[in-house]
Amino acid sequence: MKIVFFGTPQFAVPTLEKLLNHSEFEVLAVVTQPDKRRERGNKLTPSPIKVIATAHNLPVWQPERVKKDTETLTQLKQLGADVFVVVAYGQILSSKILNMPKLACINVHGSILPKYRGAAPIQWCLYNGESETGITTMLMDAGMDTGAMLQIATTPIGLLDSAQDLADRLAVIGGDLLVETLLKLERQEIQPIPQDNLAATYAPLIQKQDYALDWSKSAIQLHNQIRGFYPNCTATFRNNLLKITASAPLGSVGDRNLPPELLHKLPDLSNISDKPGVVVSITKGIGAIVQTGEGLLLLREVQLAGKRPQSGWDFVNGTRLTVGEVFGAGS
């Protein structure tokens with residue numbers, strides 16, 4: 001099966017590697033986003049997919065707007081591919097492109113469709129406190145993740161899973177599911193299933209304001225925000241911006257699912273209460289515990305401006321944090 005692969009971030013890498021290492025598939029070329037300038041040194045940096053493609057001596061095309069790039073469109077047409085595979089490419093494909101492959105244009109999407117269509121399905125499913133997510137392979141059409149579904153693979157979400165943890169796991173699942181999907185599609189063993197549009201939910205691009213923490217929210221809401229939008233959620237501490245990159249909700253919601261090794265170190269917090277944002281306890285070896293609008297939040301990892309992430313306990317020691325200090329809202 002002759003394949004053209006469209007993809008950009010690390011999430012797409014396991015799928016491309018599965019295709020490259022499978023005897024039934026031949027990757028003809030790769031389409032990825034243009035190299036980006038990074039903050040440090042302002043050097044152009046290739047996408048993770050370009051790095052893999054270059055290492056395998058594959059043709060790599062990086063149009064600014066693929067559906068408007070005449071040269072790329074001509075090259076895609078001339079390849080005569082059986083399938084276009086799309087994994088987090090980052091651009092919308094035109095109907096002209098979708099109709100080029102002989103068999104299908106297939107997307108590997110990071111949710112259980114029709115839930116979480118859109119750009120950030122992993123992040124928003126965590127933000128909303130889902131207990132399960134997965135990968136859907138689907139036939140692409142002109143809509144935003146609206147095509148008929150081919151196969152679905154699911155995975156449970158742990159209480160302490162971050163968006164990075166989940167993305168790493170789903171990326172591997174996606175590669176395996178795509179291989180299975182392509183083989184079954186070639187053998188005509190799959191019947192596409194239309195999506196129920198009435199059950200659809202959306203996962204839009206994350207905006208800067210989504211990162212701001214509001215301590216009047218409940219502990220579980222803040223925890224889901226922190227892990228969902230990892231590693232960018234912000235609070236203020238001593239009038240400076242502070243990123244909170246890992247947390248744990250304490251109380252009836254969280255305690256049931258926390259690792260035993262963490263639970264054993266926590267003090268009795270049943271009679272503790274204060275205003276939202278106030279440090280109500282400091283647990284040796286772990287970190288600060290903060291009052292929220294409902295329940296308590298343990299700060300497991302934080303990042304001071306200009307510094308590397310550090311454990312909650314190192315943060316306590318380094319700043320000489322004390323009970324009674326107050327964290328402010330993010331911005």
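Which backbone nitrogen lies 3.1 Å from a polar atom of the side chain of T292? Good morning. I shall answer that question with the structure before us, which is a predicted model.

The backbone nitrogen in question belongs to A219. The side chain of T292 also makes a second approach, reaching the backbone oxygen of E294 at 2.9 Å.

Let us place this threonine in the chain. T292 sits in a loop, with strand β13, residues 287–291, on one side and strand β14, residues 296–304, on the other. Is T292 buried or exposed? Its relative accessible area is 2%, and because buried means under 20%, T292 counts as buried. Leaving aside residues up to four places away in sequence, T292 touches W215, K217, S218, A219, L222, P276 and L297. A219 therefore appears twice in this account: as one of the residues touched by T292, and as the owner of the backbone nitrogen with which I began.

I now turn to a second region, centred on strand β10. This strand covers residues 234–237 and pairs with strand β11, residues 240–250, in the antiparallel sense over 4 bridges. Within that pairing, T234 stands opposite K243 of β11. How many residues lie between β10 and β11 in their hairpin? There are 2, and R238, in the turn, has a positive phi of about 50°.

Strand β10 has a further partner, strand β16, which comprises residues 327–328. This pairing is likewise antiparallel, over 2 bridges. Here T236 of the model has G328 in β16 as its bridge partner.

Notes:
Residues numbered from 1 in each chain as written. Predicted model: local features only at pLDDT ≥ 70, side-chain atom pairs only at ≥ 80, totals over all residues. Heavy atoms only, no water. Buried < 20%, exposed > 50% of the residue type's maximum accessible area, 1.4 Å probe, protein only. Polar contact = N/O pair within 3.5 Å; in protein donor to acceptor, adjacent residues only side chain to side chain. Contact = heavy atoms within 4.5 Å. Pairing = 2+ DSSP bridges.
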